[in-house]
Amino acid sequence: MDSLGDGNHTAVTEFILLGLTHDPVLRVFLFIIILCIYLVTICGNLCTILLIRVSSQLHHPMYFFLSNLAFADMIFSSSVTPNMLVNFLVDKNRISYHGCCIQLDTVFFFGPVECFLLAAMAYDRFVAICNPLLYSTKMSTQVCVQLLIVAYTCGCFNASSYTVSFFSLVFCGHNTVNHFFCDFAPLREVACSEDSVLILLSTCTAGFILLFTVIVIAVSYIYILITILKMRSTEGRHKAFSTCTSHLTAVALLYGTVMFIYMMPKSSYSTDQNKVISVFYMVVIPMLNPLIYSLRNNEIKEAIKRQLWRKVFL
């Protein structure tokens with residue numbers, strides 16, 4: 001958009017989020033479904049964090065990253081879902097200008113954090129399978145903490161770039177956002193002026209994070225696959241691959257959805273389609289992650305059995 005020549009515009013102090021639908025019956029149905037999903041998300045991720053903390057057999061780098069992923073999932077979902085639930089109960093869901101900025105920041109902070117955590121988990125699997133003798137050195141506590149700091153630093157940088165871009169948007173009285181949360185693309189649609197350089201910077205930052213983490217994950221699994229194929233024992237191959245299935249499932253869900261949302265050509269862009277995919281990305285996936293790791297990970301299942309045995313018989 002071109003900058004306003006005269007600089008005259010009405011200051012916007014709040015936004016109205018249109019939400020998913022205006023159908024009253026469908027709104028009630030979606031409220032119940034999404035509320036249940038959110039409760040499962042909070043309970044599932046909290047249980048994952050507590051299980052990893054109390055189970056000594058899970059005090060390994062992989063589960064250190066998994067507990068942080070569970071925490072990120074909780075905050076990520078909580079930044080959007082409660083407000084979405086309110087949207088189903090009121091005629092007009094209003095969010096303040098600064099509240100919209102905070103919601104935007106939270107989403108663009110924890111989104112990259114999750115990407116880096118999944119990349120760190122892929123690197124962990126690479127070291128464990130391809131260089132098992134060096135595992136304790138390459139994945140020491142110090143290294144794990146450093147990788148976590150990198151994840152949160154990059155998340156902070158990404159959120160900061162979008163914060164600056166958000167404040168560069170000029171709104172000329174139009175404050176109706178066709179979405180269920182303050183996503184950046186719908187906000188740009190109602191803005192009448194923007195700083196194209198800042199927009200480009202934030203887009204490049206997010207694109208770099210996505211590309212870098214995809215490369216780390218892809219390279220890690222290429223080496224893992226090569227190592228597994230070189231194994232002579234069928235049992236050894238199955239055991240090595242089984243440690244990666246839950247992580248691969250989580251990666252496929254997250255990256256597949258993110259790429260569909262943020263890399264879709266503008267010519268085929270549909271706001272309603274974007275809303276549906278965003279619900280899956282921001283509401284459903286944070287619920288699925290703890291289920292994926294509990295159902296497809298043998299160590300997690302064994303830890304759950306041990307804790308239940310202790311509660312029942314001790």
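Start by selecting Arg 125: at 12% relative accessibility, Arg 125 counts as buried, because the cut-off for buried is under 20%. Keep in mind as you click around that this is a predicted model.

**Stop 1: the partner of Arg 125**

Now add Asp 124 to your selection. The side chains of Asp 124 and Arg 125 join in a salt bridge, with 2.8 Å from N to O. Is Asp 124 buried or exposed? Asp 124 has 0% relative accessibility, so it counts as buried.

**Stop 2: two more salt bridges**

How many salt bridges are there by the rule used here? The count comes to three, so there is more to find.

Next, select Glu 14 and Arg 94. Their closest N and O atoms are 2.8 Å apart, and the two form a salt bridge. This pair ties together distant parts of the chain: Glu 14 sits in strand E1 (residues 14-17) and Arg 94 in strand E2 (residues 93-96), 80 residues apart. Glu 14 is partly exposed at 27% relative accessibility, and Arg 94 is partly exposed at 45%.

Then jump to Glu 194 and Arg 188, whose side chains also meet in a salt bridge (2.8 Å, N to O). Glu 194 is buried, with a relative accessible area of 10%, whereas Arg 188 counts as partly exposed at 27%.

**Stop 3: helices side by side**

Time to zoom out a bit. Two packed helices are described by the angle between their axes and the distance between those axes.

Colour helix H1 (residues 24-54) and helix H2 (residues 61-78). Their axes come within 9 Å and cross at roughly 155 degrees. Angles over 145 degrees count as roughly antiparallel, so that is the label for H1 and H2. H1 passes H2 in a left-handed crossing.

Now colour H4 (residues 97-130) and H8. What is the angle between H4 and H8? They pack at about 20 degrees, with their axes 9 Å apart, and are therefore roughly parallel to each other. Here too the crossing is left-handed, with H4 passing H8.

**Stop 4: a patch on the surface**

Stay with H8 (residues 196-230) and pick out Tyr 223, which lies in this helix. Tyr 223 is partly exposed, with a relative accessible area of 47%. Add Leu 211, Ile 215 and Val 219: together with Tyr 223 they form a nonpolar patch on the surface, with about 390 Å² of accessible area.

**Last stop: Asn 274**

Finish in helix H11 (residues 271-296), where you'll find Asn 274. Asn 274 is buried, at 4% relative accessible area. Try drawing a distance to Cys 115, 159 residues away along the chain: the C-alpha atoms of Asn 274 and Cys 115 are separated by 20 Å.

Conventions:
Residues numbered from 1 in each chain as written. Predicted model: local features only at pLDDT ≥ 70, side-chain atom pairs only at ≥ 80, totals over all residues. Heavy atoms only, no water. Patch = residues over 30% accessible without salt bridge, like charges linked within 9 Å, V, L, I, M, F, W, Y side chains within 5 Å. Areas by Shrake-Rupley, 256 points an atom, 1.4 Å probe, with all protein chains shown as cover. Salt bridge = Lys/Arg side-chain N within 4 Å of Asp/Glu carboxyl O. Helix = DSSP H or I, 4+ residues; strand = E, 2+ residues; numbered from the N terminus. Buried < 20%, exposed > 50% of the residue type's maximum accessible area, 1.4 Å probe, protein only. Axes fitted to C-alpha atoms, helices over the stretch in contact; angles between N-to-C directions. Parallel < 35°, antiparallel > 145°, perpendicular 65-115°, else oblique. Left-handed = near helix turned anticlockwise from the far one by under 90°.
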